[in-house]
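Hi,

Here is the structure I promised to pass on. Have a look first, and my notes on the strands follow below.

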Amino acid sequence: MCSFTMHAQDAIVKGRVVDTNSSEAIQDVEVRIQSSAFSSITDAQGMFSITSTNLPQGEQVLLLSKQGYLAQRVPITIQNGTTINLDPIFFEVDLTEVEAQIGIISLSDNELDQDEGTSFNVSGLLQASRDVFLRAAAYDFSATFFRPRGLDNANGKVLINGLEMNKLYNGRPQWANWGGVNDVQRNREFTMGLKANDYSFGDIAGTTNMVMRASQYRKGGRVSYATANKSYQGRVMGSYHSGLNKDGWAYSVLAARRFGNEGYIDGTSYNANSFFASVEKKINEEHSINFMGVYTPNRRGKSTAITDEVYRLKGRKYNPNWGYQNGDKRNSRIKEVVEPILMLNHYWKISENSNLNTNIGYQFGKVGNSRLDYGGQRNPAGNYYQRLPSYLLRHENLTSYDYQLAYEAEQEFINDGQLDWESLYRGNSNTSDGNSAYVLQEDRNDDNQLSLNTIFNTVLNENITLNAAINYKSLKSENFAEITDLLGGAGYVDFDRFGDGGIEGESDVLNPGRIVQVGDRYKYNYELNANVISGFAQGQFKYNEVDFYLAANVEKTNYQRTGIYQNGYFAEQGRSLGDSDELDFTGFGVKGGFTYKLTGRHLIDVNGGYLTKAPTLRNSFANARQNNDLVEGITEESVKSVDVSYIFRSPIVKARLTGYYAGFEDATDIGFFFTQNALGGDDNTAFVQEIVTGISKRNVGVELGIEAQVLPTFKIKAAATVGQNVYTNNPNLYLSGDDFDRDLGVADNITDGNDIATQGVRTVALEDYHVSGGPERAYQLGFEYRDPNFWWVGVTTNYFSNAYVDVSNLRRTSDFYTDVDGLPYNDYDENVARGLLKQEELDDYFLVNVIGGKSWKVKDYYVGFFASINNVLDQEYKTGGFEDSRRASYRQQVEEQGRENGPVFGSRYFFGSGTTYYLNLYVRF
């Protein structure tokens, strides 16, 4: 410490924070004068400065804190007219916290690795947050598919070294692209909501930047082995980081494998390898270049939602997608992701206060989802509705013979109820032409994406920082179906057997009557092309009593589909073959916020913004697999967001109370299903694309997080949220599809690929229905004990309520109550209809989780373990579900919901796991 007299009367407290082991500068350390409003955050050089004539005088304590490091208290003496220069302050890694954070990342990766019903999980965004409530949401709440503020991960941004990773197809990050590299993901920078972020304008669910530069890892290595029973059964991982040597080189490598014949759900095999490498060269004090590669090929068996009837008979672990083949479980629905990421980063320190970071990334590979193609044959699924007792008991005036058949079906389903692979091979061996009746296909997305950006940061003075960035993305996505297994047959005829037998059934009329083999593309084949260019600018202003920021963003998006096949149902010129019309969208955003420091302990934080953004590729084309039709009336979605927080922080208690609002307008959603009610009446069957446009939603609520360090070793924490996520309008709906266009005549006046008959558009009565997506209310109470002997344990109790089933849109249109002549059913009763259309609320549930660990130092090695047990009491609960739209008319629903032995086409549900564990053993050196 040194000080010297100033001519001015300001007091200055400044310094530099560095890592104890590597002497590398540490960014984003919070530096605060205890019991005052004066604070600072260290920059990329580890520097901080607190300057004012109003600094508290005399003997004070400087508090330094950052997640993953041991907090420090530095005694200082402040006097106006003097400067205190603390250079360096050595900051020591908290290895217990590091291992806990790696454990949390691993646990939430377990959730993010799931598939149907969990793809919206936002926990990955929150893992780097120090906030009490958000840490609860990242771990304890994520197993229930809880979404903070009702938002999913398409409302947040995930960046690696400053480059955005969200997919253009659906707006969501593909977590499997970097799964299993947990040891190199610890350096995360998270901003909640629309708060100022140095790299990106962000989005309303927050922004996470994973820093994966070789020079930023602490020198050393780590080897670990984990065992679990949720997604995988075992994981082995090893990593090593060289640190920056005297020649300016640094490297980091990691290899891992996750494996398991079966997770918690039956038949969900897991096979994943993960490789990471990063090399950085510090050319001089101004320039550094980093190369990074991530390769995480993974393959796993999928499960699906099930009805109450199936759950009662088989339990929550049941999965209809698998069956025995030669004594082994074989899943028909396998998801395989192989999408390497290569990235080159250039860091330029233009001056002491200005930096320019330029990045180029390239991602390529495939995502495949397998399923059985049984065109024209009976569905071979183990839970096919005609195999269940409810189907055999669907009629009135049942006989004893009916009950006998139902009992036999029930027993067969209980004792087996799985896919019969041998029967598929037998069926293929008995066809008249030797070609397969059943095959295994894979729906493929082969993406090639180039990403570029440059990020500029400059500190104008001690109060003002400016950020700016320009981003560009270019995507070429090949989409097709491919034969992966003929199941014993000689080939497969590429023809739609549900058609009328003419040219309409041809997948490609230019190549009629094709017999395809393993590895051949068939059924559909098209490309999606997208180009996005965006830029943002931001000013951050920090003063003694108030910090505030202002930012703006603009984005230009272009989409186009190119058909490779000329589909028989849409064989008109330009309807399916060749280029579609181009879609162009312009989005913009503005945001701002401030933090007012009432005192050093009491703060008010306000953030707000308005943004418009392009719809995703998925929601821009009405029926992309078959034609070039654009979604009618497609436009940019608009989002409004505001949150107001009261923050209290003292040496013992930290708390945040937040009220929030988010409003959405002009959203679009596309669903795919088979229905018997395509245009009123009870027998208009079709496989349809259901396009809903102009959707408006509102999310409002409050959040509370509080923790109290009541003893040096004992902490109590609590978190709670009460929200309401509802639709606020009645949007438009129309149907598209091959059967629909041709057989039902809804779009008789189509003149090109962009017009839809007005008679096919109807209103969906969604206003005031809840948006499904996990519980709207969640409460937590827990404690954490950290012993001086380097062991710790935490216990949380969690209560969840107000979760709702996703409603069927089609049931809430005029199709519900009108007959084929367009007139209401003569037996329609509004009171009965109101009961049929009431949204189902799922039961409340209560979960207890335990987490803990222990570490030892043996010479230069650290040895330890991290463990968790989720749902200790083995509670059974539903996390979500959706109504079935197959029988969507009033008469059909009266029949379905009135059946004495249960509906044949009831709602399907996702069930939470029972007691699960995770144990990780590690050696760090």
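**Strand pairing notes**

Strand 13 (residues 220-228) pairs with strand 47 in the antiparallel sense, over seven bridges. Strands here are DSSP runs (E, at least two residues), numbered from the N terminus, and two of them pair if DSSP finds at least two bridges between them. Before going on, a word on the source: this is a predicted model, where local features need pLDDT of at least 70 and side-chain atom pairs count only at pLDDT 80 or more, while totals for chains, interfaces and linings use all residues. Residues are numbered from 1 along each chain as its sequence is written, and side-chain values use heavy atoms, with hydrogens and water left out.

Back to strand 47. Arg-222 has Arg-924 in strand 47 as its bridge partner. Strand 44 (residues 861-870) also pairs with strand 47, antiparallel and over nine bridges; there, Gly-864 is matched with Tyr-922 of strand 47. Strand 47 itself covers residues 916-924 and has two faces. Thr-916, Tyr-918, Asn-920, Tyr-922 and Arg-924 make up the covered face, while Tyr-917, Leu-919, Leu-921 and Val-923 are on the uncovered one.

Next, a three-stranded open sheet, which runs in the order 19-46-45 with antiparallel pairing. Strand 19 (306-307) and strand 45 (878-882) are its edge strands, each pairing on one side only. Strand 19 is joined to strand 46 (residues 908-911) by two bridges, and Thr-307 has Arg-908 in strand 46 as its bridge partner.

There is also an open sheet of four strands, ordered 4-3-6-7 and again with antiparallel pairing. Strand 4 (39-41) and strand 7 (72-78) each have a single partner strand, so one side of each lacks a neighbour in the sheet. From one strand to the next, the twist averages 20 degrees (axes are lines fitted to C-alpha atoms, and angles run from 0 to 180 degrees between N-to-C directions). Strand 6 (residues 58-65) and strand 7 run antiparallel and are joined by seven bridges, with Glu-59 matched to Thr-77 of strand 7.

One residue to click on is Arg-32, which sits in strand 3 (residues 30-33). Arg-32 counts as buried because its relative accessibility is 12%; buried means under 20% relative accessible area, with a 1.4 Å probe and protein chains only. Leaving out residues up to four places away in sequence, Arg-32 touches Phe-38, Ser-39, Val-61, Leu-62, Leu-63, Gly-600 and Arg-649, where contact means heavy atoms within 4.5 Å.

Cheers

Conventions: Buried means under 20% relative accessible area, exposed over 50%, partly exposed in between (1.4 Å probe, protein chains only).
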